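Visitor: Could you take me through this model by question and answer, with the cut-offs stated as we go?

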Amino acid sequence: MDGMLFQLFVYLCAAVVAVPIAKRLGLGSVLGYLIAGIIIGPALGLVGDETSEIRHFAELGVVMMLFLIGLELDPSTLWQMRARLLGMGGLQVALSALLIAAAALILGADWRLALAVGLIFSLSSTAIVMQTLSEKGLAGTQGGRSSFSVLLFQDIALVPLLAVLPLLASPELMLINADALAHAPTAANAVAQVEEMSLVAGLPGWAHGLVVLGAIAAILFGGYFLSRPLLRFVAESRLREIFTATVLLLVVGIALLMTLVDLSPALGTFIAGVILANSEFRHELESDIEPFKGILLGLFFITVGAGIDVEILFGDFATVLGLTLGVILLKGCVLFGLARLFRLKTPDRWLFTLGLAQAGEFGFVLLNFSMANSVIATEDAKLLSLVVALSMLLTPALFVIYDKLIQPHRSRMEPAEADEIDEQGPVIIAGIGRFGQIVNRLLIASGVRTVVLDHEAAQIETQHRFGIKSFFGDATRPDLLHAAGIEDAQLLIVAIDDRDRAVQLVEYVKRRYPSVKVLARAFDMNHLYLLRKAGADVALREVFDASLRLGAEALKELGMHPFKVEKMARAFRRHDEAGLDQLYELWDEHPDVSRNRAIMARAREHRETLAQLMETDRLQLHDRTERGWTPPPTGAQE
Amino acid sequence: MTSEPRRATDTDPPRTWERRILVLYAHPSPDRSEVNRHLADAAIRTQGVTLVDLYGEYPDYGIDVDREQARLRAHEVIVFLHPLYWYSTPAILKEWQDLALEHGFAYGTEGTALHGKIFFSALTAGGPELAYRAEGFHHFGIRELLNPLEQTAHLCGMVYLPPFALFSARTALEEGRLETHIADWVTLLKALRDDRLDISHAQKLRMLNAELPSLIRED
Ligand SMILES: Cc1cc2nc3c(=O)[nH]c(=O)nc-3n(C[C@H](O)[C@H](O)[C@H](O)COP(=O)(O)O)c2cc1C
């Protein structure tokens, strides 16, 4: 226990100290984590061997990241990017693998080893690149989207890679390993482990294929048909932590299933994410997983830093550095060529090239796997792990180059890209009860894009059935607002049924996002004032309009001319609103209505003037238009 | 004041008359009206006449274009009944024109729905008749002032008649001129309805009321 707490303490300390500093220096959080890892690992020796285990666990962060990415991409978007995905991704993996293999051959490696190394290094780091891109707000650019396509292809490619690599086993190593296995079973732990944890090991090819297909089918089926009823059921219990637990269960379960059939867990959760992208729970899932992902991913980066083997590094620094730079250079050339081929604009071309030139976290996985399958000798694998780590370590530096040298020219070189022009920000409607529904229907009918939030799963379900984009969750939670896109929202409409929370929500949003206009429904006068004080741009009493209309209908029924009724109602509204404003000035200083003498007096005064107006029919004269339509006194005209 | 006269049938009144008449009545403050209100009431009581109280029907100016066009189709005579406000109609009649006289309906190659229909304005003016001439206080004759309406009617292929006007309207009641005006109004409507009005002669006049008896054939 003590040990664990100490470990936890060290990791957290390192992150808390290093990341904000790195961020302040403009290096980005990823480099911060890596440096933190180096400090606690190789530099201070506070953590040791357990890092690789922790890293294994922390890879769950990558898995969650892909789940989140999947949630952002509904199937149709995915389909739209198929050309880039297959073309760019496929070519990138194939060309990089060949080029690196050729280089390895020249350096004197056996062809099997060369090819294996080429394949392993062709992958890039989804974790670093996606994290950095979104942190820098570049994920939506042409370069960012191309990078994502390639990374996604690489994740998919992991599946066949795991199948192909064992075929490249070197006969000599197999002999040695078999020997070792015979003499000391522990030495081949890794192999044993892989076999233990697999549903497909030892199956013939066709059966393997069937199991894999079955697993994917299970995810698709579960995602489409089971997950939503399950989430709805859990949501109804209104236990937040159980909802979170359910989401985690979903992600971990899929990851486990994928591991059992030798597929990439990240790929599995990505698919699940895509399936759930259209569901009403999207934002809730996002905001639940996000913190876990953030911490685990950070942990992952720290372990990469901490896992650097200083002995080998400094023992053979020139080799490691040379290999690393070589890999980055070769991959960079391929990427740059592809960027030209696919006609990326200059700054995007550089983003794509510099961003994806490193080797990735899957490199560690594949190196371990290759070692276990007698493809690569243990010593070589350690050296190559170091190359992977170092190249990842250098990536933030490459991004810094992009930031400093390329980005500044961006606006000048390319005025505005058509498909990048930001869509008009959405209108977020918090609360889709009887009130919010009407607002939403009017907006949708007028062609406005709305995002609807409500904490009643049933309400959301109904909205969903009508094809309205709606999400389940408590709209007063900052993370949910964030997920709904409050940063670029044009308007927030507050129509939730909880008075106090409505005020809190207005207050929070106006403080954090002053540029978002907030329109709120008030239950009564006091609530209206509270909302106004909280900064609402518009606040309306919910029953005022309907009451006024009903009053007007009553007047019509009594035989008053409809246009006169209209004028009366307008005059009444103006008078009432003016009174409301007057009282607000007093109220603002003394928010407690019942104890405020002045306000009571003023209210009485106001009521009296209204009574007077009504009695003497002056309300009509009060109406400026009516004066306009009063003809001049008879005989006044010449 | 009855604000919803013959609503059920006004877009399809029975064809028992030579001409069916649509009176579009516009008074923003009918309670205070001393003249127009009575003209409207008299029109309602006249058979073959449909009266539409525009301010009553559209207090928020939300004019139902389809309904208005159907009404136009169903009548052969279109009359604006209104007080003269700033030498023109009250605002809602302008809104009505802007919306109801659509391209493709009232004008344009396809827009022939109003062809051959008779149009005129029945108005009341605060100023005395003598003031409505070049040397007078208002500098223009009443027919001249209504030129925009006249040209609108022409563009829509309608037969334009000069206005049926009451001057010094604010004193008409006390001076006992209201009764005769209302009677003339009803006579005019009936003559139009029964096709007893000499249209081609009427077209040339400055005002319809001046020589009303000579315009009407007795049968
Ligand atoms: C807003 C307004 C504008 C008017 N403009 C004119 C005008 O331009 N010329 C005129 O002779 N009388 C004008 N008048 C007087 C009206 O025409 C007169 O009050 C009306 O015809 C009386 O009819 P009523 O009793 O049915 O309302 C105007 C009256 C108002 C209220």
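Visitor: Against which elements of chain B do the buried residues of α1(B) pack?

Guide: This is a predicted model, in which local features need pLDDT of at least 70, side-chain atom pairs count only at pLDDT 80 or more, and totals for chains, interfaces and linings use all residues. Residues are numbered from 1 along each chain as its sequence is written, chains are lettered from A and ligands numbered from 1 in the order in which they are written, and side-chain values use heavy atoms, with hydrogens and water left out. Helix α1 of chain B spans residues 36–45, and its buried residues include B:Leu39, B:Ala43 and B:Ile44, where buried means under 20% relative accessible area, exposed over 50% and partly exposed in between (1.4 Å probe, protein chains only). With helices (H or I, at least four residues) and strands (E, at least two) taken as DSSP runs numbered from the N terminus, the buried residues of α1(B) pack, by contact (heavy atoms within 4.5 Å), against β1 (21–25), β2 (49–53), β3 (77–83), β4 (118–124) and α7 (178–193) of chain B.

Visitor: What percentage of the residues of chain B count as buried?

Guide: Chain B holds 9 helices and 6 strands, and among its contacts with a separation of 6 or more, 74% are between residues 24 or more positions apart. Of its 219 residues, the share that counts as buried is 56%.

Visitor: And what percentage of the residues of chain A count as buried?

Guide: Chain A has 29 helices and 6 strands, and 75% of its contacts between residues at least 6 apart in sequence join residues at least 24 apart. Of the 638 residues of chain A, the buried share is 48%.

Visitor: Why does the largest nonpolar core lie between two domains, and which domains are they?

Guide: A nonpolar core is a set of buried Ala, Val, Leu, Ile, Met, Phe, Trp, Tyr and Cys residues joined through side-chain atoms within 4.5 Å. The largest one has 134 residues, of which A:Phe121, A:Phe301 and A:Phe352 touch the most other members. Helix α19 (residues 378–413) of chain A gives the most to this core, with 14 residues. The core lies between two domains of chain A because both give residues to it, their bounds coming from an automatic or database domain assignment: domain 1 (52–173 + 204–405) and domain 2 (424–542).

Visitor: Is A:Leu394 buried, partly exposed or exposed?

Guide: A:Leu394 lies in helix α19 of chain A and, leaving aside residues up to four places away in sequence, touches A:Thr324, A:Leu325 and A:Ile328. Its C-alpha atom is separated by 7.8 Å from that of A:Gln358, 36 residues apart along the chain. Because its relative accessibility is 28%, A:Leu394 counts as partly exposed.

Visitor: What is the order of the strands in the open sheet of chain A?

Guide: Two strands pair if DSSP finds at least two bridges between them; β1(A) and β2(A) pair in the parallel sense over 4 bridges, while 3 bridges join β2 (residues 450–454) to β3(A), also parallel. The edge strands, each pairing on one side only, are β3 (470–472) and β6 (538–541) of chain A. The open sheet of 6 strands thus has parallel pairing and the order β3-β2-β1-β4-β5-β6.

Visitor: Which residue of β2(A) stands opposite A:Val427?

Guide: Strand β1 (residues 427–430) of chain A is covered on both faces, with A:Val427 and A:Ile429 buried on one side and A:Ile428 and A:Ala430 buried on the other. In β2(A), the residue opposite A:Val427 is A:Thr450.
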